[in-house]
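Me: I'd like a close look at a single part of this model, please. Pick one spot, stay with it for a while, and then work outwards from there.

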Amino acid sequence: PTEEQTIDLGEGLSFTIESALTEQRDSQQLLIAAQVLEDPIIRSPMHGDTIALAGGSMSVAKLLSQMKIPPYLRSSVPLLVDRSGVVAVFGASSGGSDRLAQRFKAPLAHDFTNIYSSRRRNNNSEL
C-alpha cells in the first residue's frame, strides 16, 4: 500500500492511505514507511494476535479491552499486519486509540511517506 487510496471495510468503516506530504494531515494519524512493510494486509483481529509495544508484547484482545472498546465492535477494528506480525491497531475508529508497533516508531530510520488511518462513517451527517 504505497499509493493514496481509501478502502471501504464495510460496517461503516473505511481505511485511508495518504501521502505524508498531505497538508491537511491529522496529527492523530499513524505515519508508517510503506517501503518497510513486507506483504502488508488489513484484516480483523484474530485469536492469538499480539503487538509489540514499548512496554512489551501485548495481546490485541487485551489492548482492545483496555481501550474500552465494546466487545461487539472489537472484531471490526482494523489491523495492519505484515510478515513480521501486527504493525498497527486502529482502535480510534471504534472509540479507542490507534497503536503502532514499537519497531515502526524509529523516526530517523525511515522516510515516512504514508499516513494510515481508519474511521467510522457517520451516516447522519452531511459533508
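**Asp 98 and the sheet around it**

Reply: Let's start with a polar atom of the Asp 98 side chain, which lies 3.1 Å from the backbone nitrogen of Ala 92. The side chain of Asp 98 also reaches the backbone nitrogen of Gly 91, at 3.2 Å. Bear in mind that this is a predicted model, so these distances are computed from predicted atoms.

What about a charged partner for Asp 98? Asp 98 is buried, yet has no salt bridge. Arg 99 is the nearest side chain of opposite charge, and it is 9.1 Å away. The cut-off for a salt bridge is 4 Å between a side-chain nitrogen of Lys or Arg and a carboxyl oxygen of Asp or Glu, so Arg 99 doesn't qualify.

Now step back to the backbone. Asp 98 belongs to strand 9, and Phe 90 stands opposite Asp 98. Strand 8 covers residues 85-90 and is joined to strand 9 by three bridges, with the two strands running antiparallel. On the other side of the pairing scheme, strand 7 (residues 79-82) is joined to strand 8 by four bridges, again antiparallel. Within that pair, Leu 79 stands opposite Val 89. A hairpin takes the chain from strand 7 to strand 8 through two residues.

Put together, these strands belong to an open, antiparallel sheet of four strands in the order 4-7-8-9. Strand 4 (41-43) and strand 9 (98-100) are at the edges with a single partner strand each, so each has one side without a neighbour in the sheet. From one strand to the next, the twist averages 25 degrees.

Strand 8 deserves a second look. Five of its six residues are buried, so strand 8 is mostly covered. The largest nonpolar core has 26 residues, and the ones with the most contacts inside it are Ile 32, Val 87, Ala 88 and Val 89. Several elements each supply at least two residues of this core, including strand 2 (13-19), strand 5 (50-53), helix 1 (60-66) and strand 7. Strand 8 gives the most, with five residues.

Where do charged side chains actually pair up? The count comes to three salt bridges. Arg 83 takes part in a salt bridge with Glu 38 (3.6 Å, N to O), and also in one with Asp 39, where the closest N and O atoms are 2.5 Å apart. Arg 83 sits in the loop between strand 7 and strand 8 and Asp 39 in the loop between strand 3 and strand 4, so this pair ties together parts 44 residues apart in sequence. Glu 38, Asp 39 and Arg 83 are thus linked in a network of salt bridges. Arg 83 is exposed, with a relative accessible area of 62%, while Glu 38 is partly exposed at 46% and Asp 39 is partly exposed at 47%.

Asp 49 pairs with Arg 43 in a salt bridge at 2.9 Å, N to O. Asp 49 counts as buried, at 11% relative accessibility. Back where we began, Asp 98 is buried as well but has no salt bridge; its side chain reaches the backbone nitrogen of Gly 91 instead.

Key: Residues are numbered from 1 along each chain as its sequence is written. This is a predicted model: local features need pLDDT of at least 70, side-chain atom pairs count only at pLDDT 80 or more; totals for chains, interfaces and linings use all residues. Side-chain values use heavy atoms; hydrogens and water are left out. Two strands pair if DSSP finds at least two bridges between them. Axes are lines fitted to C-alpha atoms, for helices over the stretch in contact, and angles run from 0 to 180 degrees between N-to-C directions. Buried means under 20% relative accessible area, exposed over 50%, partly exposed in between (1.4 Å probe, protein chains only). Lys and Arg count as positive and Asp and Glu as negative; His and the chain ends are not counted. A polar contact is a pair of N or O atoms within 3.5 Å; within protein, one must be able to donate a hydrogen and the other to accept it, and residues adjacent in sequence count only if both atoms are side-chain atoms. A nonpolar core is a set of buried Ala, Val, Leu, Ile, Met, Phe, Trp, Tyr and Cys residues joined through side-chain atoms within 4.5 Å.
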